[in-house]
Amino acid sequence: MPTFAVQYTYDDRSTERDEIRPAHRRFLATLLDAGTLLASGPYTGPSVGSQQTEAEGALLLLSADSTEAVQAVLDEDPFAHAGLVAERSIRPWSPVFGPWA
């Protein structure tokens, strides 16, 4: 099954994000248990070489049949329902080395 790298960029409502995070993590845990989510986690600092201040965000790795399937699954994320994801990019990813290769 294809693998997808998803980047979340959050808006600036960190207090609301903190309130909804437990539901967001329960949602991700169900995806992990189903084998859809391979890994996820927040970025912990700016990207190297960045010339601008970067918004907070996260990286998710998912296994799904298509980009549309990933979109449909992540549309159910409590963060998405609350409008806390300002931008979401989904890219097919082809791991060559590591546990998902």
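**Exercise 1. Is Ala55 buried, exposed or partly exposed, judged by its relative accessible area?**

Solution. The model is predicted, and every value below is computed from it.
Step 1. Locate the residue: Ala55 sits in the loop that joins E2 and E3.
Step 2. Take its relative accessible area, which is 47%.
Step 3. Compare with the cut-offs: buried means under 20%, exposed means over 50%, and partly exposed is in between. Ala55 is therefore partly exposed.
Step 4. List its contacts. Leaving out residues up to four places away in sequence, Ala55 touches Thr9 and Tyr10.
Step 5. Add a distance. Ala55 and Ala86 are 31 residues apart along the chain, and their C-alpha atoms are separated by 9.5 Å.

**Exercise 2. Describe the order of the elements and the overall dimensions of the chain.**

Solution.
Step 1. Count the secondary structure: the chain has three helices and four strands.
Step 2. Read the elements from the N terminus on; the order is β-α-β-β-α-α-β.
Step 3. Test the overall form. A compact globule of 101 residues would have a radius of gyration near 13 Å, and the chain has 14 Å, so the two agree.
Step 4. Give the extent: along its principal axes, the C-alpha trace spans about 35 × 35 × 20 Å.
Step 5. Turn to the surface. The chain exposes about 6,400 Å², and 52% of this comes from carbon and sulfur atoms. Of the 101 residues, 32% count as buried.
Step 6. Look at the contacts with a separation of 6 or more: residues 24 or more positions apart account for 75% of them.

**Exercise 3. Check the length of helix H1, then describe its bend and its buried side chains.**

Solution.
Step 1. Helix H1 covers residues 14-34, which is 21 residues.
Step 2. The expected span is 1.5 Å times one less than the number of residues, so H1 should span 30 Å.
Step 3. The C-alpha atoms at its ends are 29 Å apart, which agrees with the expected span.
Step 4. Find the bend. H1 has a kink of about 50 degrees at Ile20, shortly before the proline Pro22.
Step 5. Name the buried residues of H1: Arg17, Ile20, His24, Phe27, Leu28 and Leu31. An α-helix has 3.6 residues a turn, so residues three or four places apart point the same way.
Step 6. Name their partners. The buried residues of H1 pack against strands E1 (3-10), E2 (37-42) and E3 (57-63), and against helices H2 (67-74) and H3 (78-81).
Step 7. Take Ile20 as an example. Beyond four places in sequence, Ile20 touches Pro78, Phe79, Ala82 and Leu84. The C-alpha atoms of Ile20 and Ala82 are separated by 8.3 Å, although the two residues are 62 apart along the chain.
Step 8. Look past the end of the helix: just after H1, Gly35 has a positive phi of about 85 degrees.

**Exercise 4. Find the aromatic pairs and classify them.**

Solution.
Step 1. Rings pair if their centres lie within 6.5 Å, and planes over 60 degrees apart count as edge-to-face. The count comes to two aromatic pairs.
Step 2. In one pair, the ring centres of Tyr8 and Tyr10 are 6.1 Å apart and the planes stand at 70 degrees, so this pair is edge-to-face.
Step 3. In the other, the ring centres of Tyr10 and Phe79 are 5.5 Å apart and the planes stand at 90 degrees, so this pair is also edge-to-face.
Step 4. The pair of Tyr10 and Phe79 links distant parts of the chain: Tyr10 is in strand E1 and Phe79 is in helix H3, 69 residues apart.
Step 5. Join the pairs: Tyr8, Tyr10 and Phe79 form one aromatic cluster.
Step 6. Check burial. Tyr8 counts as buried because its relative accessibility is 1%. Tyr10 counts as buried at 8%, and Phe79 is buried too.

**Exercise 5. Compare the surroundings of Thr3 and Leu38.**

Solution.
Step 1. Thr3 is in strand E1, while Leu38 is in strand E2.
Step 2. With a relative accessibility of 9%, Thr3 counts as buried. Leu38, at 22%, is partly exposed.
Step 3. Beyond four places in sequence, Thr3 touches Leu38, Leu62, Arg91, Pro92, Trp93 and Pro95.
Step 4. By the same exclusion, Leu38 is in contact with Thr3, Leu32, Leu61, Leu62, Ser63 and Trp100.
Step 5. Compare the lists: Leu62 appears in both.

Key. Residues numbered from 1 in each chain as written. Predicted model: local features only at pLDDT ≥ 70, side-chain atom pairs only at ≥ 80, totals over all residues. Heavy atoms only, no water. Helix = DSSP H or I, 4+ residues; strand = E, 2+ residues; numbered from the N terminus. Bend = angle between axes of the 7 residues up to and from the residue. Buried < 20%, exposed > 50% of the residue type's maximum accessible area, 1.4 Å probe, protein only. Contact = heavy atoms within 4.5 Å. Phe/Tyr/Trp six-rings, centres within 6.5 Å; stacked < 30°, edge-to-face > 60°. Rg over C-alpha atoms; globule rule 2.2 N^0.38 Å. Areas by Shrake-Rupley, 256 points an atom, 1.4 Å probe, with all protein chains shown as cover.
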